Structures are given as structure tokens and as C-alpha cells.
Amino acid sequence: MRNKSNRQSLLATTMMGGMALAAVAAIPLVAVVATPSAAVAQDFTSGALQGSVQNLAGDPVAGATVTVSQNERAFSRTTTTNGEGGFRISGAPVGRYTVTISAPGVETFTDTNVAIGLGSTADYTFTVNQAGVVADGSDVDDIIVVGSRRATVDFDRTTTGITLDVQETFDRLPTARNLTAIQLLAPQTTPGDSAFGNEVSIAGSSVAENVYYLNGMNITNFRTFVGGNTVPFEFYQQVDVKTGGFQAEFGRNTGGAVVAVSRSGSNEFHGGANVYYNPDSLRETVPNTSVIRVDGTTAVSANNDLDEREQLEGNVWLSGPILRDHIYFFGFYNARDFSQSDTNGSGTRSTTTFNDPFYGGKVDFYLNPDHRLEVTYFKDDQSNETQQLLAGASDPSLTFNETGGETSIFQYTGNLTDWLTISALYGDNSFNQSTIGSADSEPSVIGFTGQGTLRGNPAQLIETGVDERKLMRFDADVYVTNFFGDHHIRMGVDREDLTTSSVSSFSGGIQYVYRGPATGTQVGGAVPANTPYVRVRNIQRGGSFDIEQTAFYIQDAWDVTDRLSLQLGVRAEKFDNKNVDGDTFASTDFDLSPRIGAAYDLFGDQRTRLSAFYGRYYIPIAGNTNLRLAGAELFTDDYYFYNSVGGLTRNPGETEAQLILRCAADRSNACAPGLVGDPFLEIVNSNGEASDPASLVSQNLEAQHQDEFIVGIRHEMDNGWRFSANATYRELGAVMEDYDTSFIIGDYCASVGIAPADCGAINNAGEYVLLNPGSDLVISPDPTSFPFLAGQTITIPASILDIPEAERTYQALELSFERPWDGRWALQGSVVLAKSEGNIEGGVKSDNGQDDTGLTQDFDEPGWTDGSYGLLPNHRGQTFKLFGSYAVTDSITLGGNLFIQSPRAYGCIGSYPLGDGRAVPSTITANYCVRPGGSVLTPRGSQFDGQWTKRFDMSVAWDVPVSIPGTVQLRADIFNVFDFTGVADYDEVGDASAGTASPNYKNILSYQTPRNIRIGLSYQF
């Protein structure tokens, strides 16, 4: 442990914390409230306290008794300082503590306001008054020290990020009442594409690469890895947003880790209620957006003038003792009524409502000071209803999106000795995955560009399903002293058993997508100019699939000297995904993830820390891969010419678009096309038959992983200001993606002398396989397609596969500072300069809004990889964040939050023009676009930039004087105070069809949220 000090630091602490008395020469000293570095890791639910005890001369006080007791709860630990005056308390619940230090010849020291935060080691130097000891060169009569506490930089961890007390943050800052808003306060976090909801990209990764924990339970959506269970703002106590440098206990992600604990009860009764209202009348509007149809007519695509947004929520909670000093409870209920209405250019109005309540709570059993049991339960079932009034309808079509479920968590923590702490957790949760509606029996009909859905469920795909998780984990903390330094060894094992179930198809079992006539040929020349056609798509998929995920880890925080600390860890994890028959179709070995860090006390005063970190992270195979690849999916696209729409033909002078709208106005007409002859193009993506697992996955498959390097420096000044700088480099390693072998199987057969007549399909899943792009494909073909290769394994070289290695790199320089809250004001901010580039975004694809995690279009066809390398959708060159608060009076607090971010880089997405069989020419997915003279390569992120995002929010909170016990507060939050109208998203599609340029390329699709105001009233005691 460290015990460096000097007379100057003692006097500085004395002056800040003491009270000057002019009549006497003594300066009594009181403790200074300071919060240690929060961006460090300890575990999923608790923190630790370490420190050193010294006398006035800066010498260690050995053998002192240190008692640490949680305020309002029965948790208490007593330990003795070692020969260097050091001590440590581990496995401590998050909260405020009282520290008492006593020893023979030492005046008893008590500090009642020591904070222990989630995922952090609070590190302090305590100075006590020891008989006969004076400060350097001073008379004992000059300074009488009652005691002091000085926060020092934590040298145990190298994690980057931010930890926030949710309720305190909300009290002082204007912020949306959701977890995303908390994440976005951390450096190196960026809002994700709106296609995936309100999610966050962390350190250049996609929104499908983060992992979320609550009270030790993984609540991440394991089907797509996008988000997870929705927990209301008021339910959280603290949230630790880890953007990099995680220790070995954290895995299953290549983005960030968001670790949270819920509120708990204590020996005192506390409770409250509040209501917050965002009225539509206090919200500005954004400009309308428009679209040009293929027939040249212009239409409004989104009539934003008619938008309506309204949010009303109320919360009630109560906590306290069931059995004083032993059993505490926290109960919570959240009622909400959110509504959102949008109108497109055809007059179709959609209204979505969220009004299901959330409820839950936590019970803490403190069996004795050394053993506790925590039980958490919550239910976040949501049925979000969307009413969409389609053209010609008198009653709206209803769609119900079912999400959420029930979660139960049981965790035991026991301090068996001073050197051993253990914990065990069991949890289970469910997550609904259903989309159903009132028009599910009607075939899905999609009109021309800008017309949207005309018939059927507006969601198009209807689905019923649920995901279930069971998690078990065991952890142990071991402390070893005087063995080549001091060690904190943390080790553990966890197992997740997952089941994903789903049955899905298009509304009415089929989908018709009309494509209008164009001036040039379409679909690679198959469609003559000025000729309309229709795509008939059929999807039938479903089943129940199991996934097993197992991990072991060990991590040593090793204090080599009083200035050098090493963090040496390794994690081993295995993933096993099964098909619809329960057989393994994709699995990995126990892949090793080293996590190596070092921290050095640069000047020996515990003020300046140099740190370095290297780590590898693995992410599992998404449950979506089981559903799409390992089931019996039928997925076909047939292209037809048609001569009527719902039996109606064009009137003289009527356009094709007008004909479709005329049909849509008659609600009795299903608007199905009158198909002409056989399809002129047939594509079988999956043929509906379950494939042999050996024909689905390359047998040399490596799990997807990422390597990370971080170097940093952190300095804490005597006045409490903190400054840090971190340089981060991330590189994505092997990537697991699907690939369509039909484009190269002929080349392979020719290379090994197999006759074309004997060259069949690799499998029944549309010939798609799971592989690592850039590596050879090692596969056992389906015996029905290659009967003479039954039971054999073939290797198709990467050169024949004709796709590049998956690449993604992220480079960032992060500069941040913090002036902690002292009861009057606080300020915090960051500047991040970053670059994210490659040929794959990650689990999702923002270019087209695809959340088909693990099965995006990126490497499906060789031609689609041309020009795929470039600046990625989550690339933002510069990001500036500044937020803080100021107490104008004891009852009025102002808050501000500034966010400025540079634009997204866009490419141009079109059809593959080369006609060499490397890609389907009719699909608009390639990085080629029509220009004067023909199609040209348009590399990702190289064509134009969007707009800067600028937003300033502010809040004012007034504690109303009342005669009743407790606090009544009125507050108002103004978001986007200056009503900046930045463009949030542009149309990146440059081809309307093969060979035809789109007139809507670079069109504005959406704007950032305009100015809006939230008002609130709360009471708590």
C-alpha cells in the first residue's frame, strides 16, 4: 500500500477542509468530500476501499484498527493496517460509509462520508494525530489535526469509461430518462443509427457488440445483441460504462460493457413519487422530407408538420427495513403513457403507444456482517401498439410489438476470512420477441417508392417467439500480501444456457413489392425500359434452438512496488450453438483472452498515473444465426411482369403509381398483382429443408474477436480537478459471417476436375455457409448435392471464395477532465478525436438498417465486397462533450449539457454492373452507382459527408420550501435549447434499379430531435 505525503499536501487539505479561526492559532480539520476515479473495474455489483494511514510526518501507522461501516445498513468490516500502514476492504456494497481509525497513541479518527462506487476501488490516504509526532519543521502547537482524508488515483485498474450515480446525475443535469442518455455522457460513445432504436456505439463498434448487466445478471438481447431488457431510470442506483480496458471477468462483447446496480433498502424508511411530462405543445417541429418517384413526380415522404410526441410517466417507490440490521427492501412501480404519431406523404398515419407498467424490487438479507443474500425481481413486459391508417381505410391496422419479460436474480456474497471473499449468482430472464397485428391474414403489399405499405401488417414480417436465459456464476477474491508484493486475485466461472424460439412469415404468407417503370432497363437488363415488375418474396422460418456459453477467468492485481501495479488476467470462453434438432452446428474451443495492464505512479505522490493495457475480447454467435441458418428456412424471391393490380388496369393518362393508389383506396381489394407467365428471375436464398450441420459451418471457424491497446495518463490536482488522456487502438480479428457459395462452386469444381453435372449445392440453406471472410472454407457438402463426396470434407481456398478478410480498426485520442461536485458546482467534459474504418461495421449494418446479426449482406456475394473498405457508419472524427451544474442557491440548481459531433461519412449503394457472375445484378447492395457514362465504383464513406450534430440542453430544479417532512422539487428540462435542425440521416442509395440512377440519392431522410421541454414534480423523504 502507498503512504506518500508531505507537509504541503497536508496544509492544502487542511485549508480546503478546515475552518479558519482568527482568534486562535489552531486550525481544526474536517474531511474533504471527494470521489475517487470511477472509470475502473472491481466486479459486477460492488466496490472496494483501500488506503493508507499515516501520521503528521507522513510515516505509516502500522497496527491501526480500521472499521468500515455502511451508513444505514449492517455491513461492517474491521481490519488492521500492515507494516506500511495499508489496508483493504473488498466486496463492499455501493454506498456511503463511515471509516473509524484507532490505535494506541492515536487520536480516534472518524469520517462519515466515504463513498464506495460500482466497479471502483476507492483509494485514500488518511492522516491521523499521533502523540508526539509533528509535521515537518512545525510545532505541535501550530497545527492540531483531528484527521484528514485525501483521495488518490486508483492504481488497481486500467479501465476507461465513466461511473455515475444515476439519481445524483439526474438531480443536477438535463438528461433523458433512459440508460442510453447515461452511456452518452462517457467519452468514446456515439448515438447509433436510428434504424436500431435508441442504442449506442461504443469505441467504434456497432450497437450489436455491447453487453449489459444489472445486479450481476446479463440482460443483453442475445438474439441480435442490440439492447436488452428495458429498465426505468429510477430503478438504477449506479451505472458503470466501460469503454475499454476491461478485466478478465468481463466478456461476450467487442464493444462496451454497461454494468449497473439497482437501488436497495436500508435501516431508514425512504420513499417518494414523481411525475414527468413531455407535452407535444412544448415541442418544435422539423421540416418535411420529400421523395422523387421513378415516374418523376415528387411527393412528401414524411409530413413532419403533423408529427406528435407526448410522454407522461410516474414513479412510486418505498424502501426500508423488514428486520432492522438484517433484512431491507426496495419496491418500485413505473407507470408510463408514451405516444408517437407520424404521417407519410401518402397520408398514412402511424401512432405508436407505450403504456405497460414496469414493476420490481430488491430484498437484501444481511445474515451477519460477513454474509449477505440479494434477491432482485422485475417485470418489463411491453406491448407497444402501432396504429397505422393505410390509404382508403376507415379503421387503422394494429401492430403489437411484444418485448420484455420477467427477470429474477439471486446473489450470495460471503467474506470467509480477511483474505477470501466468495460470491455465487443464479438468474433467469425472458424476453418476448413477437410482432403480430390485426391485418396478419392479408398479404403484404408494398407500393412504389414513397407509397409504403398498402396492405397487410405494416411490420410486414409477423413473428411469435421468446428468448430465455439461465445464468450461473461463481467468483472468488483472494488477497495475498508480502509475496513479491501484494496481490488481489479474482477468479471465477460462469455458464449461460440460452433458448431462442421463433416462428415467422410475411403477413398473409407472401409479400408483393411493386417496382415502377424506369427510363432504362432494370434487373441487369431483364426488364425493358418503361416496364413495371413485381418481386414476390416468401419467407417461412421457425423453431426452437439452444445455446450454451461457458467461461473461466483469473485476474491478478499485483502491487509489485508502492509505485508499480500490474494487472495480469486471462479469460477462456466457449460457445456452442445448436440447430433445430438439438445438434451442434457451430461451436468454438475455449478461446483465451489475455488482459494485461500496468499502472505506474509517475512521481510517487499518488497523483499521476501512467497506464497501459492490452486485451482480447470474444463475442458469441448470435441466436439470430441459429434461427436463420440452422433451421429449415424457406426464403425465395421470384420476379414477374404483371398486367394488373388487384384486377384493375390503367386508365388513359393514369400512371402506374396512380393505379396502385386507386387500388389501395378500395379496402375490399387485396391489390395483388396479375402475374404474367413464369418468373423471369428466381432466387432461392433458402429452400426450406434443414441442412446437415457439417455443411453449414466452416470447420476451421474462429470465434469473432477484437484486440485492444490503450495507453493513458491521469492526474489529480490538490484542488480535486482531474485530467486524463487515453490513446486507444482496436482491431477486429476473425469475423463470423454468412457467404453464398453458389457464386463460386462452379469455379471450385473446375479447379479440382469435378464435372459441372456433378457440381451441386453445398447445402439446403440456399448454399449459405458460416465462415471467416478471408480464410479457406473447410466444409462437408450435403450428400444429396454431392453424393460422391458423402462424408468427405473439402477445402475451398480463399482465392476462389474471392472475398477479402474482414477488417475494422478504431483509433482514438481521448482528452477529458472533471471538477467533482462540492455542493456548489461541478463540471466535466471530453474531446475525442477518432477514426473508424474497415469493410464491416459489426453485427448490424447501418447502411441499410439490417439488424440480422451475424448474417448481414456484407460478405454474401463477392461483388458486394468491392469498395467496401472505408469510413464506417459509426465513424465520427471529432466529438465534444461538456456538462455540469451550479447551485445558484441552496434550493435552486442549474444544469447544462453540450454535445457537438462531426458528421457521418456516406458512400453510394447501387447495383453490381460488371456481369461477371460475382453478384446478382438486380440487388441494390453493391458499392457501385450509376454516373454519366455508366456505373462506377463508389467506396464506402467516400462520396459525401452529413452534417455536424449540435445540441445544448439545460435544466433548472427548485426545491420548494414545504412544512412536511421530505423534499418537494419542481424542475424543467429544455432539450436542444437553440433548436438546431441538423440532418440525422441521408439516403445513401444511388441506384433506383440496375442501371438506373436514383433521383433521391442524398435526400434528407430525418432530422435531429427538435427543441422540446419536460416538466417534472417529485417528492421524496
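# Helix H6, sheets, cores and rings

Q: Which residues of helix H6 are called buried, and what makes them so?
A: In H6 (residues 745-752), they are Ile745, Tyr748 and Cys749. Buried means under 20% relative accessible area, exposed means over 50%, and partly exposed lies in between (1.4 Å probe, protein chains only). These three therefore fall under 20%. The model is predicted: local features need pLDDT of at least 70, side-chain atom pairs count only at pLDDT 80 or more, and totals for chains, interfaces and linings use all residues. Residues are numbered from 1 along each chain as its sequence is written, and side-chain values use heavy atoms, with hydrogens and water left out.

Q: Why are the buried residues of H6 said to lie on the same side?
A: They cover an arc of only 100° around the axis, which puts them on the same side of H6. The arc is taken from the directions that run from the helix axis to the C-beta atoms.

Q: What covers the buried residues of H6, and what follows the helix?
A: The cover includes strand E46 (794-796) and helix H7 (798-801). Just after H6, Gly753 takes a positive phi of about 80°. Helices (H or I, at least four residues) and strands (E, at least two) are DSSP runs, numbered from the N terminus.

Q: What makes E9 and E14 a pair?
A: Two strands pair if DSSP finds at least two bridges between them. E9 and strand E14 (residues 236-244) have six, in the antiparallel sense, so they qualify. One bridge partner of Thr163 is named: Asp240 in E14.

Q: Why do E9 and E13 count as edge strands?
A: The open sheet has the order E9-E14-E15-E12-E13, with mixed pairing. Strand E9 (160-165) and strand E13 (217-218) each have a single partner strand, so one side of each is left without a neighbour in the sheet.

Q: How do you know that E27 pairs with both E26 and E31?
A: Strand E26 (residues 406-417) and strand E27 (residues 420-432) are joined by 10 bridges and run antiparallel. They form a hairpin with two residues between them. E27 also pairs with strand E31 (residues 461-480), antiparallel, over 13 bridges. Asn429 of E27 is the bridge partner of Thr407, and Asn429 stands opposite Arg469 in E31.

Q: What makes a set of residues a nonpolar core, and how many residues has the largest?
A: A core is a set of buried Ala, Val, Leu, Ile, Met, Phe, Trp, Tyr and Cys residues joined through side-chain atoms within 4.5 Å. The largest has 38 residues, and Leu214, Val231, Phe235, Tyr236 and Val239 have the most contacts inside it. E14 gives the most to this core, with three residues. A second, separate core of 31 residues includes Val735, Ile762, Ile794 and Leu801.

Q: Which residues does Phe235 contact, and which aromatic cluster holds it?
A: Contact means heavy atoms within 4.5 Å. Beyond four places in sequence, the contacts of Phe235 include Leu214, Arg263, Tyr377 and Phe378. Phe235, Phe330, Phe332, Phe358 and Phe378 form one aromatic cluster.

Q: Why is the charged end of Arg177 said to sit over a ring?
A: The test asks for NZ of Lys or CZ of Arg within 6 Å of the ring centre and within 35 degrees of the ring normal. Arg177 is 4.8 Å from the centre of the Phe170 ring, so the distance limit is met. Lys950 also sits over a ring, that of Phe980, 5.5 Å from its centre.

Technical notes. Phe/Tyr/Trp six-rings, centres within 6.5 Å; stacked < 30°, edge-to-face > 60°.
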